[in-house]
Amino acid sequence: MDLVNLLIPTSMLLPLVGAFFIIFLPERYTKGMAVVLSSLVFLLSLMSIPLFDFKKAQTMQFYWHRPLLPELGITLSFAFDGLSYLMYLLTTLVSLAAILWSLRDHQITHRLKEYYLFFLLTESLLVGVFGSLDLIVFYVFYELTLVPMFFVIGVWGYKLRLYSAYKFFIYIFVSSLFLLLGIVTVAVEHYRQFGKFSFFYFDLINNHYPLGLEIFLFVLFLIAFAVKTPVVPFHTWLPDAHGEAPTAGSVVLAALLLKMGTYALLRFNIGLFPEATKFLMPFMVLWGIASIVFASWFTISQNNVKRFVAYSSISHMGFVVAGMFLLNQQGLRASIMEMFAHGLTSSALFMMAGFIYNRLHSFNMDALKGSIKFMPVFAFLVAITAYSSMGLPGGSSFWGKFLTIAGAREYSLWLALFVLGGAFFSVLYMLYLLKTLYLDTKEESRLVHFSDMRGYKLFAFLLVVLPTLLVGLTPFLFFAFFDPYITSLLSYLFLRPGGAP
Amino acid sequence: MNMVVEYPNLSLLIPEIVVLLTGFALFTLDLIYRRLSHWVALWLSLVGYLIAFLYLLFNISATGSTFYGLYVRDPMSSLFQLVMIGLTMMVLPFAQQYLKHRGSLYREFYYFLAFALAGGMFLVSSYNLVVLYVALEAVSISFYVMTALLKGDFLSKEGAFKYLVLGGLSIALASYGAAFLYLYGGSLDLREVLAFHHKDTRLLVAGLVLLLMGFAIKIGAVPFHFWLPDAYHGAPTPVTAYMASVGKLAFFAPVVRIMPLVQEHFANTWVITVSIISVLTMLYGNLVALVQRDVKRMLAYSSIAHSGYIMAGIAVAQVIGLKAVLYFLVAYAFMGVAGFLVLAVLERSQEWRGYLEEFSGVRFHMPWLAFAFMLVLLALLGVPPTVGFVGKALVFLSLSYEKLWWVAFVMIVATGISTGYYLRLIALMFMKEPVKGVEFRITPVEKVLLVFLSVLVVLLGAVPIFLWSLVSPSAEILFKR
Amino acid sequence: MRTIPLEAYLILSFLLFGLGLLGMIARRNLVTVLMSMELALNAVNVALVGADVHLGMVEGQIFALFIIALAAAEAAVGLGIIIAIFRLRKVESTDEITDMRG
Amino acid sequence: MELGVSLLVIAIKILVILGVVLGVGAYLTWVERKVAAHIQRRPGPMVVGWHGLLQPLADGLKLITKEDLFPRYGNKFLYNLAIVMALVPAVLVFAVVPFGPQVEILGVKVKPILTDVNVGLLLVFALGSMAVYAIALAGWASNSKYALIGSMRKAGIIVSYEVVITFAVMGPVILAGTLSTYDIVQKQIEQGLWYIWLQPLAFVVYLFAMLAETGRVPFDIQEAEAELVTGFTVEYGGMKFGIFPLVEWYVEVLSLSAIAVVLFLGGWSPINIPFLGFVDPLFFLGPLSPFVWFILKVTLLFLFVLWLHWTLPRYRIDQITETAWKVMLPITFINLVFTAVIAPLVWR
Amino acid sequence: MEYLGLVILALVMLVIALVMISLNYLFGPKTPSPLQDYPYECGVPLYDKTAQSTFHQGYYLLGLLLLLFDIEAAFLFPWTVVYKHLGLFGFVEFLLFLLILTYGLLYAWRKGALDWQFEEEYM
C-alpha cells in the first residue's frame with residue numbers, strides 16, 4: 001500500500017484531530033487550532049497536485065479502502081479521479097477561506113469552540129463526500145454534512161435562523177431519503193443480477209435495468225440532488241438558508257454543499273443510469289435553462305443582498321445542470337468549470353455581503369447604495385468578482401457560459417439561443433448589483449468613515465478571488481483535470497451496448 | 001404409569017437461573033429487612049446480572065434445546081438476552097436515584113425488575129405456546145406492577161390500569177389464537193404447527209391473525225396502541241425506559257420467531273396484514289408525536305412509530321428482512337432506553353413538568369447530557385451513521401427486495417414527519433436561551449452511562465460489523481430450520 | 001357414549017369470548033372490566049379443552065390450567081391496582097380515570 | 001344393569017338423602033335445643049308432645065303460616081335466588097357421601113352412594129364454595145345494613161377457610177391416592193388405618209374450618225344475635241327464614257361431618273388399631289353394622305359441634321381471619337410436607 | 001353417565017326450594033300495613049334508602065388472597081393423586097412449588113396483607 005494512497009484519509013482525519021483538540025483545549029487556542037489545521041489540509045492538497053497523474057485523470061487515484069460490512073459489500077473506499085480531485089481542491093481552499101473569514105466576523109462572538117469544530121467537521125465530511133466510491137458511505141457523508149450546517153445556521157445565524165435551519169434540514173433530509181431508497185434498490189438489483197450485494201460504484205455500473213426501472217431509479221436519485229443543487233421548483237430552502245446563515249456559513253453552503261448536488265448528479269445519475277440519462281436528456285436541459293431564467297428573475301426582484309447572491313447562485317446551478325445534460329464534451333466541460341468557478345465567485349460575493357453588513361448593519365439594497373465608494377481595495381476586488389461571475393471574457397464564469405452555449409449549438413441553434421438568453425439575464429442582475437454598489441448616490445457623510453478591507457478578511461477574500469482570475473485566464477489548466485474523464489464518460493455513455501445483456 | 005424423566009441440560013439455562021435467583025435473593029432480603037436499603041438492592045442485582053451477562057458473553061455460541069424442546073437456545077435468544085441484561089444493568093443506577101429522589105417506599109421494584117427480565121429471557125427463547133404464554137404473563141404482570149409503583153401518584157395508577165386492561169385483552173386474544181393453532185396443528189410447538197399442511201387453512205389463518213393481534217397490542221401497533229402512551233407516561237421514567245427497550249425486545253421476539261416459519265400458502269395474508277398494520281403505526285405515531293407538548297409522551301409515540309418501522313421489516317418474510325428486523329430491534333432498544341433515561345435524569349429536578357419548552361437551553365446547564373440526548377435524537381431520526389440509520393437502511397433494503405414500494409414511500413413520509421419533533425428538541429436544547437432558576441443534578445455514574453450509551457448508538461452504526469456479526473447468523477439459523 | 005361435536009365447543013367459546021370482549025369495551029365499572037377479562041380467558045379454556053376432546057390429547061388441558069392460574073394472578077394485580085385507585089380517589093368507573101389525554 | 005333398574009336405584013337413594021336432609025335435619029333442631037338446654041341445666045322444650053318431640057312440626061307450621069314480607073328497596077329476584085343457592089348445593093353434597101360398603105340387594109349390586117365419581121372431593125368443595133354466593137346475595141338483595149355487614153363477614157370467613165380446608169384434606173388424599181370418597185374409605189380399610197392417626201393436625205384444622213364454614217360458635221360472627229340480629233337473615237321471614245339455619249346449622253354440619261368421617265375416621269369401618277386391623281363390637285348386626293358405624297361417627301361429631309357451640313364464646317372477625325391465614329394455613333403446609341414424606345410407608 | 005343421579009337430585013332440590021319459597025305466599029296471611037316492609041333499622045325510621053355502598057377493603061383483600069391460594073390448591077390436587085407414581089422427582093417438584101407458595105404467604109404476611117385492615121390503618 002503506497003503512502004500516496006493515504007492522502008484522502010489523512011485529509012479527512014486532520015480536521016477531526018483539530019476538532020478533538022478544540023474540544024479539550026481551553027477556548028483561547030480554538031481559533032489558532034482551526035486555522036492551523038485547515039491550512040495544513042490546504043497545503044496537503046496543494047502538495048498532492050504533483051502526485052496526481054493528469055494523463056490518466058479518468059482513472060481513480062489515491063485509492064484507499066477498508067471493508068466495512070463484507071456481507072452486504074459495503075467498503076470504506078476512497079479515491080479521486082479528475083472531477084472529484086478538483087472538487088477536493090475547491091473544498092480545502094474554500095474551507096480555509098471560510099475559517100479565516102470567521103476570525104474577525106461580527107456574528108461569531110460566542111460559543112467559538114463549537115463553531116470552529118463544526119467547520120472542521122464539515123471540511124472532513126466534504127472530502128469524504130467527494131472521495132467516496134461506495135454509495136452507502138457517500139450517503140453517510142452526504143447526509144451528515146446537514147448536522148453541522150444545521151447548527152451553524154441555527155446558532156450563529158441572523159434573525160430568522162431557526163426557521164431557516166429547520167427548512168434547510170427538513171428539505172434536504174427528506175429528499176435524500178429517496179436517494180437512500182434508490183441506492184438500496186440499485187444494490188438489490190446488483191444482487192439479483194450478480195448474486196452478491198455490493199454498494200461499490202464500479203460494481204454497480206455493470207447493472208442493466210429495464211428502462212422503466214432505470215428511469216424510476218434515476219428519478220429517485222434526481223429528487224435528492226435536484227433539491228440539493230437546487231433546480232428551480234425545489235429551491236425554496238436555499239434563499240432562507242443562505243440568507244440567514246453567518247457569512248462563512250453561507251460561503252461553505254454555496255461554494256461546497258451545492259457542489260455536492262451537481263457532483264452527485266454527474267457522477268451517479270449519469271454514471272449509473274446511462275439509458276435513462278439519454279432518455280431524459282432534453283427534459284433535463286430544458287429544465288436547467290428554465291431554472292436559469294426563473295432564478296435570474298427572482299434575483300433581480302430581491303432587495304436583500306444576501307438573498308440576491310443566493311438566487312444568483314441558483315441560476316449558476318442552472319447552467320451547471322443544463323451543461324451537464326448536454327452530454328457532449330463542451331457541455332460537460334462547461335458544467336464542471338462552472339461548478340469550480342461558482343464555488344469561488346459565490347463565496348466571494350457572500351463575503352462581500354457580510355463585509356458590507358459589518359459596515360452598514362443592513363442587507364438592504366437601498367441602504368447600501370454606493371456604499372463601497374470609499375473602500376478602494378474592496379471595491380476593486382468586488383468588481384473583479386462581479387465581472388467574472390457575470391461571465392465577462394477573462395472572468396471565471398465566462399467559460400462555463402460560453403462552453404454551454406457552444407455545447408447547445410451542437411444540437412440546435414434555438415437551444416443555444418435559449419442558453420444565451422439565460423446568460424443575458426445573469427449579466428442583467430450583476431450589472432444591477434454593481435450599479436447599486438458603485439454608482440448610486442447617497443449622502444456620503446457616513447460612508448467616508450468606513451475603513452477599507454484588511455487583515456484576515458482581505459486574505460480570505462484574496463484566497464477566493466485570485467483563483468477566479470486563474471480560472472478565467474488559463475482554463476486549459478483545469479481542462480487537464482477532467483478532459484480525460486469526460487472522454488471516458490462519453491465513450492461509456494454512447495459506445496456502451498445499451499439494454500439488458 | 002411410569003414416565004421417563006429426561007434430566008434437563010441446565011447449563012443452557014444458567015443465565016435465566018442466575019437472574020431468577022437474584023430476584024429471589026432480593027425478595028428474601030426484602031422480607032427479612034422491612035426497609036431494604038437501596039444500595040444493597042442495587043449492588044446485589046448488579047452483581048447477579050453481571051454474572052449472567054458474563055456467562056452469556058463467554059458462551060455466546062452455546063446452542064441447543066432442552067426440557068423436551070420447550071426451551072431453545074439459539075444465537076438469536078443469546079443476542080436478545082445479552083442486550084436485555086445489559087440494558088437492565090444500565091437502567092438500574094438511574095432507577096435507584098429516581099426512587100430515592102421520589103422517596104418511593106417500594107422495594108418491590110428491584111425484584112420485579114429481575115422477574116420481568118427472567119420472563120423476557122424465557123420469552124425470547126421458546127417456540128412452545130405454553131411457555132410463551134407463561135413468559136408473556138410474567139413480563140406483563142411485572143410491568144403492570146412496576147408501572148403502578150409511584151406512591152400516591154394517580155397517573156401511575158391510571159396508566160397501570162389501562163395497561164392492565166389492554167394487556168389482558170392482548171393476552172386473551174393471543175391465547176385464543178394459540179388455541180386455534182393448537183387445534184389446527186395438533187401441537188403446541190409453533191414449528192410443528194406452522195409446518196403442518198392441511199387443505200383447510202381457515203383455522204391457521206384465524207389463529208395467526210388473533211396471535212398477531214395479541215402481540216400487536218403488546219408492541220403498541222396502531223389499532224391497539226391506546227394503552228402505550230398512558231402507561232409510558234404514568235410509569236416511573238426508568239421503568240418506562242425499561243419497558244421501551246427490554247419490553248419491546250421481549251414482545252417482538254415471538255413474532256420474529258414466527259416470521260421465518262411463514263409459508264407460501266399464507267404468505268400473502270402475512271405480508272398484507274403486517275404491512276398495513278406497520279404503515280398505520282408509523283404514520284399515526286409520528287403524526288401524534290408531532291403535536292405533543294409533553295416530551296415523555298412524545299417519546300412514547302415515537303416508540304410506537306418505531307414499532308411501525310420494525311413491523312415493516314417483519315412484513316418481508318425473507319432472511320434479509322429478518323436481519324433488518326433484528327438489527328433495528330436491538331438498535332431501538334439502545335436508542336429508546338437512552339432517550340427515556342435522559343428524561344429520568346431531568347425529572348429529578350424540582351419544578352420540572354416535562355414540557356417541551358422546558359428543554360430550551362439545557363445545553364448550558366448540562367452540556368454532556370444535551371450532547372448525549374442530541375446523538376440519541378439524531379439516531380431516532382435516522383441520521384447516518386447511527387444505528388437508527390443502519391436499521392432504516394436495512395429495512396429499506398428488505399422492502400425494495402420484496403418490492404413493497406408503497407410501504408417504503410410511506411416510511412419516507414413518516415420519517416419526514418418525525419423530523420419535525422426531533423429537530424425541535426435539538427433546536428430547543430442548543431439554540432434557545434436557558435430558562436432561569438432550574439438546577440439539575442446528575443451523578444457522575446449517570447453522566448458516564450449516558451455518554452457511553454449515546455456513543456454506543458453512534459459507534460454500532462458507524463462500524464456495523466459488531467452488531468451485524470451477531471445478527472446475521474441468528475437470522476440465518478432461524479431460517480435454516 | 002357420544003362425544004360432543006367440536007363445533008359446539010368452538011361456538012360456546014366464541015360466544016363467551018365475544019361477551020368478555022364486549023364487557024371489557026363497553027362496561028364502565030372497573031371490577032366488571034376485570035371480570036370480563038377473566039371471562040374471555042375462560043372462553044380460551046373452553047376452546048382448548050374442546051380441542052383436546054377433538055384431538056384426544058392432554059396438552060390443551062395443561063395449557064388451560066396455566067391460563068387459569070395466571071389469569072388469577074393477573075386479576076389479583078388488577079384488584080390491587082383498583083384498590084390503590086380507590087384509595088387515591090373514590091372512583092369506580094372508567095369514565096372517571098381520564099387524567100391523561102392525547 | 002339396565003336403565004330402568006338404575007333409575008329405580010337412583011330414585012331410592014335420592015329419597016333416602018331427602019329423608020336424611022329434611023327429616024333428620026328438621027329434627028336436629030329439636031336435638032340441639034335439648035342438648036343446649038341440658039348443658040344449661042334447663043329442660044328445654046317439653047310442651048309439644050312427649051319431651052317436645054313434636055316441636056319441629058309446630059315450628060314448621062308456625063313458619064309456614066307467617067306473612068310473606070319483602071324489604072322495599074331490595075332486589076326481589078336475588079332475594080329469592082339466595083334461598084335456592086343456599087339450599088340446593090348444600091344438599092347436593094350428600095350425593096358423594098358413601099353411607100356404607102357395596103351391598104347386594106335382590107341380586108343388584110348397589111353402592112350406597114348417589115354419584116361415585118373420581119373427583120368426589122372436588123365436587124364437595126365446588127358445592128361448598130357455592131354457599132358464599134347464597135350469603136352474599138342474601139345480604140345484598142335484602143337492602144339493609146345489618147344484612148350486608150353480616151353477609152360480608154360470613155363471606156370473608158368462608159373465603160378464608162375455604163383455602164384452609166382445601167389444603168387440609170390434601171393429606172388424606174395423598175395417602176389414599178384418589179379423590180373418590182368411596183375409594184378413600186376403601187383404601188383406609190385396605191391399609192388398615194384411619195387417617196386421623198397420621199393426620200391429627202389436618203383433622204383439627206378441618207374441624208376448625210368446618211365450624212367456620214357452617215357459622216357455628218365460636219365463629220358465628222356473621223349472625224351475632226346480640227349485635228347483628230342474626231345478620232344476613234334479618235330481612236327474611238317465615239319459611240324463607242327457616243331455610244337458612246336449617247341449611248347452615250344442620251345440613252352443612254351433617255355433610256361436612258360426614259366428609260370428615262370419610263376422610264379421617266375411616267368411613268363405615270369399625271374401630272381401628274393402626275396398621276393392625278379393625279375390631280367390630282357390633283358384629284352381631286351383620287351387614288348392617290357398617291351403616292350403623294357410619295351414622296354413629298357422624299352423630300358423635302355432630303354432638304361434639306353442639307357441645308362446642310353451647311360452651312365457647314365468640315371471636316372477632318379479625319381474630320377469625322387472621323387465625324385462618326397465620327395459623328391454620330402454615331399448619332396445613334407443614335402437614336403436607338410431613339405427609340409427603342411418610343406417604344411411602346403407608347402405601348407399602 | 002354417573003352424574004345422572006346428581007342432576008336428578010339437583011332438579012328435585014330446585015323444585016323443593018321453589019316450593020319452600022312460595023309456601024308463605026300461599027299459606028301466609030296478607031295484612032298490608034305501610035311500615036311493615038321497611039328494612040330493619042333498630043326501630044328508628046330509615047334515614048338512607050340504600051345500604052348497597054362499597055364496603056370495607058379488608059374483604060377485597062381476602063378475596064384476592066383466596067384467588068391466589070385456591071388456584072395453587074387447584075395445581076396441587078392433581079399432584080396429590082399421582083404423587084404415588086412420581087417418586088423422588090415428584091417430591092422435589094412439590095417442595096419447589098410449596099417453597100414458592102410459602103414465599104407468597106410470607107410476602108403477604110410481611111406486607112401486612114394478612115392483618116385485618118382497620119380503618120385508621122390506611123392512607
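## A walk through a predicted multi-chain model

In chain D, residues 119-140 are 95% helix and 0% strand, with their end C-alpha atoms 33 Å apart. This span is a good place to start reading the structure, which is a predicted model. UniProt, in an unreviewed entry, marks residues 119-140 of chain D as a "transmembrane region", and the record lists other spans of the chain under that name, including 6-31, 77-99 and 291-312. Chain C also has spans with this label: its unreviewed UniProt entry gives residues 6-27, 39-57 and 63-86. Some of these spans from the two chains are set side by side here.

| Span | Helix | Strand | Distance between end C-alpha atoms |
|---|---|---|---|
| Chain D, residues 119-140 | 95% | 0% | 33 Å |
| Chain D, residues 291-312 | 86% | 0% | 32 Å |
| Chain C, residues 39-57 | 89% | 0% | 24 Å |
| Chain C, residues 63-86 | 100% | 0% | 34 Å |

### Chain C as a whole

What is the order of elements in chain C, from the N terminus on? The elements run α-α-α, and the full tally is three helices and zero strands. Chain C has 102 residues, of which 37% count as buried. If you take the contacts in chain C between residues at least 6 apart in sequence, 49% of them join residues at least 24 apart.

### How the chains meet

Five pairs of chains touch, and the pair with the most contacts is D and E. Chain E brings 55 residues to that contact, and chain D brings 68. On the chain E side, helix H1 (4-27) and helix H2 (57-110) each supply at least two residues. H2(E) gives the most, with 19 residues. Sorted by class, the chain E side that touches chain D has 37 nonpolar, 11 polar and seven charged residues.

Other pairs stay apart. Chains B and D do not touch, and their nearest C-alpha atoms are 14 Å apart. Chains A and E do not touch either, with 48 Å between their nearest C-alpha atoms.

### Two helices side by side in chain B

Two packed helices are described by the angle between their axes and the distance between the axes. In chain B, helix H12 (residues 295-315) and helix H13 (residues 319-347) pack at an angle of about 175 degrees, and their axes are 9 Å apart. Because angles over 145 degrees count as roughly antiparallel, H12(B) is roughly antiparallel to H13(B). Among the residues that make the contact are B:Leu299, B:Tyr309 and B:Ile310 of H12(B), together with B:Phe328, B:Tyr332 and B:Phe340 of H13(B). By class, this contact has 12 nonpolar, six polar and one charged residues.

Elsewhere in chain B, B:Gly234 lies in helix H9 (residues 227-234). Is B:Gly234 buried or exposed? It counts as buried, because B:Gly234 has 26 C-beta neighbours inside 10 Å. B:Gly234 and B:Arg297 are 63 residues apart in sequence, while their C-alpha atoms are 9.5 Å apart in space.

### A hairpin and an enclosed helix in chain A

In chain A, strand E1 (residues 61-69) and strand E2 (residues 74-80) pair in the antiparallel sense over six bridges. A:Leu69 stands opposite A:Ile74 of E2(A). The hairpin has four residues between its strands, and A:Gly73 takes a positive phi near 70 degrees there.

Helix H10 (residues 237-244) of chain A is largely enclosed by the rest of the structure, because eight of its eight residues are buried. They include A:Trp237, A:Asp240 and A:His242. The buried residues of H10(A) pack against helices H6 (146-156), H7 (161-194), H11 (247-272) and H13 (305-326) of chain A.

### Some backbone surprises

Most residues other than glycine have a negative phi, and most peptide bonds are trans. A:Phe62, in strand E1 of chain A, has a positive phi near 55 degrees. A:Phe62 counts as buried because it has 23 C-beta neighbours inside 10 Å. B:Tyr68 also has a positive phi, near 55 degrees, and is found in the loop between strands E1 (64-66) and E2 (71-73) of chain B. B:Tyr68 is exposed, with 10 other C-beta atoms within 10 Å.

Two peptide bonds are worth finding too. The bond from A:Thr229 to A:Pro230 is cis, with omega near -10 degrees, and A:Pro230 lies in the loop between helix H9 (211-228) and H10 of chain A. Another cis peptide bond joins B:Pro384 and B:Pro385, with omega about -5 degrees. B:Pro385 sits in the loop between helix H15 (367-381) and helix H16 (387-402) of chain B.

Conventions
Residues numbered from 1 in each chain as written. Chains lettered and ligands numbered in written order. Predicted model: local features only at pLDDT ≥ 70, side-chain atom pairs only at ≥ 80, totals over all residues. Axes fitted to C-alpha atoms, helices over the stretch in contact; angles between N-to-C directions. Parallel < 35°, antiparallel > 145°, perpendicular 65-115°, else oblique. Contact = placed C-beta atoms within 7 Å. Nonpolar A, V, L, I, M, F, W, Y, C, P; charged D, E, K, R; others polar. Buried ≥ 20, exposed ≤ 12 C-beta atoms within 10 Å, placed from the backbone. UniProt positions renumbered as here; feature names shortened; annotations may be inferred. Pairing = 2+ DSSP bridges.
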